[in-house]
2 protein chains.
Amino acid sequence: MKLDEAKRQFIETWGTLGSEWGINRSMAQVHALLLISPEPLSTEDIMEELNISRGNANMNVRDLMNWNLVQKNLVAGERKEFFSAEKDIWEIARRIAKERKKREIEPVLNKLKQLQDAEVDAKSAKGKEFKKTVDNIHDFVERMDKGVDMALRADENWFFGTLFKLMK
Amino acid sequence: MKLDEAKRQFIETWGTLGSEWGINRSMAQVHALLLISPEPLSTEDIMEELNISRGNANMNVRDLMNWNLVQKNLVAGERKEFFSAEKDIWEIARRIAKERKKREIEPVLNKLKQLQDAEVDAKSAKGKEFKKTVDNIHDFVERMDKGVDMALRADENWFFGTLFKLMK
DNA sequence: CTAAACTTTCAGTAATATTTGAAAGTTGGC
DNA sequence: GCCAACTTTCAAATATTACTGAAAGTTTAG
């Protein structure tokens, strides 16, 4: 297989995976492209490789930087900006987990806490079931949240590192 | 807070979370509604509570059954079908993990394996970086896949149960 | 067998999300 | 200060996804 064809397939695969997980396709594709590029790429390069517009390329690179997955590299003697991706997949996973926790899990956790505390009349069967469900889900989400915290704390990496190796 | 208002907020929260994770909003909302309902609901009930059309309700209930999160309940003396959701949140998580693994992770894993095996010319810097990236990601995704397998195997639940309790 | 009660399908419509491209904004060198 | 090189923004266009409602299909009781 030609490298170009393999690249195309990789970018496509990563894009599909992204969109199945709520990340927009182009963003995942830009990410994929930067992942396999040995040196930083300019907006221009990205536009060409993925056949997307300047605006789109710019926006997605920007988003990736907000996710802390991509950084700006200034190349000596060049006026334009170049971008490169974090390459360590474990680090990538940690950063994504961190962001999604903050953006998505924490708000849900707060909402659930609120619903738990809201004195809802729990005499009826409906009230009881509601309370029980919210309690259980709250408990579960809280544990997941704590679990992610644990996984993110550097000093506990030995633990997850070991667990991770177990999975081979 | 009134129960109805709390319900509304819960359904909305669950719907938002769903859409952030690639599950469509209505499906997550139907699921939320069934989760907090002490007894099975008919299509009619779902339509009313969520203000959605018959077709939509039917389709989403159907999808939830494909995900193995909802089941049909036949009520004696009633002609119509009633639906109820699995209530154990740990079980819900397991079923979702199982499905997503099958539908989303496995195809990616296969594709990565394919790209790894495809003899791509790895002499250039580009070829080397490509190979390295694909190898790393393949390894990572494979471990995650194995990890999910482990978590799903009943006889290893004691392990994850313990881990889970640690997260309190 | 028939009709009512119910479920499923699906073409058309509506809502949402993404992308474009050109104009506006910014920056750095001279 | 001014211009060229570059980046950012955003309204409009396009593409994607979800929803509706009515018609077609199915089931069951009588």
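Reader: Hi! How many helices and strands does chain A have?
Author: Chain A has seven helices and three strands, where helices (H or I, at least four residues) and strands (E, at least two) are DSSP runs numbered from the N terminus. This is a predicted model, in which local features need pLDDT of at least 70 and side-chain atom pairs count only at pLDDT 80 or more, while totals for chains, interfaces and linings use all residues. Residues are numbered from 1 along each chain as its sequence is written, and chains are lettered from A and ligands numbered from 1 in the order in which they are written.

Reader: What pattern does chain A follow along the sequence?
Author: The pattern is α-α-β-α-α-β-β-α-α-α. Chain A is more spread out than a compact globule, because its radius of gyration (taken over C-alpha atoms) is 21 Å, well over the 15 Å for 168 residues from the globule rule (2.2 Å times the number of residues to the power 0.38).

Reader: And what does its C-alpha trace span along the principal axes?
Author: About 70 × 40 × 35 Å.

Reader: In which order do the three strands of the sheet come?
Author: β1-β3-β2 in chain A, an open sheet with antiparallel pairing; strands pair if DSSP finds at least two bridges between them.

Reader: Why is one side of β1 and β2 left without a neighbour?
Author: β1 (41-42) and β2 (70-74) of chain A stand at the edges with a single partner strand each, so one side of each has no neighbour in the sheet.

Reader: How many bridges join β2(A) to β3?
Author: Five, to β3 (residues 81-85) of chain A. V70(A) sits opposite A85(A) there.
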